[in-house]
Structure formats: C-alpha cells, structure tokens
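Welcome, and please have your viewer ready with a cartoon view and a selection prompt. We will go from stop to stop, with something to select at each one.

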Amino acid sequence: MNSPPSPRLLALWCPDWPVVAAIAAAGLPVAAAAAVVHGSRVVACSAAARAAGVRRGMRKREAQSICPELTMFAHDPDRDGRMFEPVAAAVETVAAGLEIVRPGLIALPVAGPARHAGSEAALAEQLVDQVAALAGVESQVGICEGVFAAGLAAKLGRIVEPGGAREFLAPVPLTELSQPGADRSDLVGRLHRLGLHTLGDFAALAERDVVGRFDRDVVVAHRLARGLSERPPSRRTPPKDLTVRQTFEDDPLDRIDSVAFAARTLGSRLHVRLADGGLAVTQLAIHAVTESGEEHSRTWRAAEPLSASGITDRVRWQCEGWLRRREEHRPSSGIVRLTLEPAETVSGGALQLSLPAAGAVPDADDRAARAVGRVQGLLGPDAVFTAVLGGGRGPAEQVRLVPWGDLPDDDGDGDAPWPGRLPAPSPATVPPEPWPAQVLGPSGAAVAWTARHRLTEHPDAVVVGTGPPRQVLSWAGPWPAVVTRIGPGGSRRVVRIQAVLARQRADDDGDAVLLTGNIGRDGVSWTVEGIYD
C-alpha cells in the first residue's frame, strides 16, 4: 500500500538560532563572534565565528585558539525557546495557523496564505521581510511536502514544485538526516560504508529490505529520504474532554518563577489525562489570557509524542517569551487563565491488541490499551513496543518492533518469496542473543557443509553452551540463506537445521531446537536460534 503524500508546507528557518538567541539574550551586537557549546563541542556558531574558522563539532579549546575574541555560551534550550517568541509573533502577522517545530524552525500550511499573498514566492518574501523588521532576525523560507523536506528547502531558500519532494531530496547529502533531537551520525556512517552518499541513494533501497534488516530509526530515516512523513498516518482529532485549563484570578502570573511552576503543574495534569486515555500528544495548542483580556495562542508540533517535561517546556517557553517581549508588545497584566488543548494525538488503541478470548473481560482491550498508553506516557514514546510480522527467512528477521501508537507500513512483503525461508511452524522462543552450540557428527568432528549446502556428516550430538553432549534423535534441513548485515562482516552464508535432542532427565520430553551454522575465519560455528514447543 502506497503512503499518502505529505502535506505541502512552508518552513521558515532562522540560521544558527541557538547562537542568535544567546547573542540577543546577552545584548551583544548581532555581528559578534560567538558560539554555543554543549559539553566540550561547538554546536552552533555565528557568521563572524565561521569567518574566523570556527565550525560545528569543533572542540572548545580549538575554537578559542582559532578565534581568541570568541564569546562562548552554554547550551540552553530554555533560552532558545523563550527568545523565539518574537519570531513566531512576526510570522503570525502575515499568516495564521503556524506551528513551531522547534525553536528556530516554523512550519505552516502554504495554500491559504499563498492565495492571500498572490503567490508562494510573494508569501515567502513577505515573511522574510516581516521577521527582519519586527524581530530583527535573518530568516530563510522553503516550501515543499512534509516538514523534513520543507526544512531542507528553507536552508537552501528553495520553493519546490508540487510533487517534487523526492526529486529535490535525491542529491542532498545523507548528513542532513541528522537533525536537532535526532542524531543519526552512526547511521550515516554505516550507509557511507555501503557506498550510499545521498538521500536519493538511500531512498532507492526497497522498503521491504530496509524494514527487514534495520531498526525503527533507520526505517524512519528511509521514509524521510523518500519525501514522506516520519510515520504513516495514524492520528486522530482528540476528544474535547482532554483539554486542561487553570485559572489564576487571585494571583495572576506576572513573574517567571510563577509561570514555571504553573507550567509544570498544568503539563503534568495533561500528561496524566492523556496517559489515562491511552494517548500521547503530537501537536499541542497553548492559550493564555491576561487579566485585561489579552490573548496569546501558539501551536507546537512534535515529531515524537511529547513527554510531561516536553509539554511543560513548551508552556514555559511560550509564556516567558510573551512576558519578556519589548514594552510595546508585552501584556499589560498578568496571566489569569492557561489552557492546554491537544490538537493531534497518537492513539494507543490504533494498534491491534490481542487478548485471550476465553474468560476475557468485556472491556479488556480498552483497559489494556489505557495501561500500555500510561506506561508509554511515563517512560517515553520509545519505551513500549508491539511486535509486527513481516518478511524474512529466519524467525528473528520475520518480527520487527514498532512503537506503541504507530501503525506499521503495509509493505506486503510478508508473503513474498523468500528462498531458504523456514517452513511453519516458527520457534516458540527466540533468545535475544543466540546461544553458542556445537553440532558434532558420528566421527566427533564439527558438522560443516559443502558449496552445494550438503552437510559433511549427519548431526549426531549437540552441545549447548557448557552443557553435556545430547544425542540428536531426528533432524531436518538444511535450509541455506544469505544474511546481510551492515558492518564489517557484510553478507554471509548460513545454514539452518531443525533437530530433536534427547531428554536430559527422565521426567522431560527433550527439546526441539533450530540450529544456525556459520563459517568464519575460526572455522564452523553453530548457535541455537530458536526453541520449539
């Protein structure tokens, strides 16, 4: 099933935002040589610092030696979010319905505002001029399908033709897969070792091959390289009763410390309410009203469901940014009402949850979904997974884990031909790591196989780990297969056999195991890949 196209969006990007925010907060000249440091590395630097030779990823001492006049700032996400409010306010004077993807990047639907401005190019020009005039910040605009592609288009100042996202992304280097909050440098290195250097190279890989061989984050990156959204559409508009609000009429919020406390309290309430319903928020609208009736609203988009701290941060950034505006734009009184409205959620009930029919409680599915959603809300979106069957030859390859609340792609490869695939039934137990074993023939030598995948001897005994040899009562196979993995090993040929082992004690029934053989530099090695009931 083909994934639907991503919506066409306009992205407004403020280059080097962390250092721009730090310079503004410190009251330094815009042209100052400055850098933001996280740990011992430079994570952002100004144009003046770059002109002196400072680069992202450079060590702090090296940057200071290259540019002695460099001003260093510590990494501060709160400062980045708080200082971004004037930019969002400037964008809002031209186009409504904006979403803050992260401090430094705004996305908004392009169709309506472009019609009002006369064209997409005219809209982009208006936004850049308005941000420069009202916020005093340089920005760039890009238009394309999806947040990822639109953000890259903004970095290049490009307006991509409708439907041209994949063609636009094709020549882009793989290094662009690493975004703030999503470090994919290890993946980029692995793909480079495979000979892949651009998003087009990566997108050309068959989706079923990526799903069968890589973990979830690689699958997400593959979707981005193809111009799709991070996940298949699995969202729905949340019910109205999830909205939380709190009034402060007796003690309006006019200080930063009181705003921070209120944000933490209200964010926790919303988080718990969502978790109780088996939900997590991916798009959050925050509304603030002052004692004199002034209103301030923002919508925050998140690629991953927001945690309680993520909700709290966005409430605090928005309110602090509003209260710290310049005098003419600052609210005239304190905040008396805060409302948090989930505009888009991921539903835990969107995934099928199988429970035993016998003796089942009538609402067991709903209760289980709520419980799982609450655990995910407490531990994070990537803490709870569900198993999804797919293509592959071995039992471990045929199952992949998908975060609870995401719908897997229906790539249709489960029934595709898989030469060397094991026949049904599959092993009931698959260890996380295969157990080392030895497969011995009647001569006592290790069983190997020929180039035509014929065993050199019939399996006579199996030693699992450091246990005693166990006689092979019967066996089946072999099933040859080619296993491809990213890394130094590359592709390798393996064989699998099924064997029934003699019982170890008089009161057991023996074991039926799946054995996998591999020939390496040290000779033949065997492992127990699965156990049959």
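Keep in mind that this is a predicted model.

**Stop 1: a hairpin and its neighbours**

Start by selecting residues 511–520 and 523–532, which are strands β19 and β20. The two strands pair in the antiparallel sense, with nine bridges between them. Look at the turn: β19 is joined to β20 by a hairpin of two residues. For one pair to display as sticks, take N518, whose bridge partner in β20 is S525.

Now add residues 435–440, strand β15, which runs antiparallel to β20 and is joined to it by three bridges. Here W435 has V528 of β20 as its bridge partner. Which strand does β15 also pair with? Select 461–464: this is β16, antiparallel to β15 over four bridges. At this pairing, L440 stands opposite A461 of β16.

**Stop 2: a three-strand sheet**

Move on to the open sheet with the order β3-β2-β4, where the pairing is mixed. Select β3 (41–45) and β4 (71–74) to see its edges; each has a single partner strand, so one side of each is left without a neighbour in the sheet. On average, neighbouring strands of this sheet are turned by 40° against each other, direction ignored.

Next, highlight β2 (residues 34–38), which runs parallel to β4 and is joined to it by four bridges. Within this pair, V37 stands opposite A74 in β4. Then bring in residues 17–26, helix α1, which packs on the sheet and touches β2, β3 and β4. The direction of α1 makes about 115° with that of β2.

**Stop 3: two packed helices**

Select 256–276 and 308–323, helices α14 and α15. Their axes are 8 Å apart, and the helices pack at an angle of about 145°. The crossing of α14 past α15 is right-handed. To view the contact, show side chains including V259, A263 and L270 of α14 together with I311, V315 and C319 of α15. By class, this contact has 10 nonpolar, three polar and three charged residues.

**Stop 4: the cores**

Which members of the largest nonpolar core touch the most other members? Of its 53 residues, they are V87, L338 and L340. Centre on L340 and show what it touches: among the residues more than four places away in sequence are V244, L266, L270, I286, I311 and V315. Two of the α15 residues you displayed at the previous stop, I311 and V315, thus appear again around L340.

Finish with a second, separate core of 35 residues, which includes L152, V160, L174 and L187.

How values were computed
Residues numbered from 1 in each chain as written. Predicted model: local features only at pLDDT ≥ 70, side-chain atom pairs only at ≥ 80, totals over all residues. Heavy atoms only, no water. Axes fitted to C-alpha atoms, helices over the stretch in contact; angles between N-to-C directions. Left-handed = near helix turned anticlockwise from the far one by under 90°. Contact = heavy atoms within 4.5 Å. Nonpolar A, V, L, I, M, F, W, Y, C, P; charged D, E, K, R; others polar. Pairing = 2+ DSSP bridges. Core = buried A, V, L, I, M, F, W, Y, C linked by side-chain atoms within 4.5 Å. Buried < 20%, exposed > 50% of the residue type's maximum accessible area, 1.4 Å probe, protein only.
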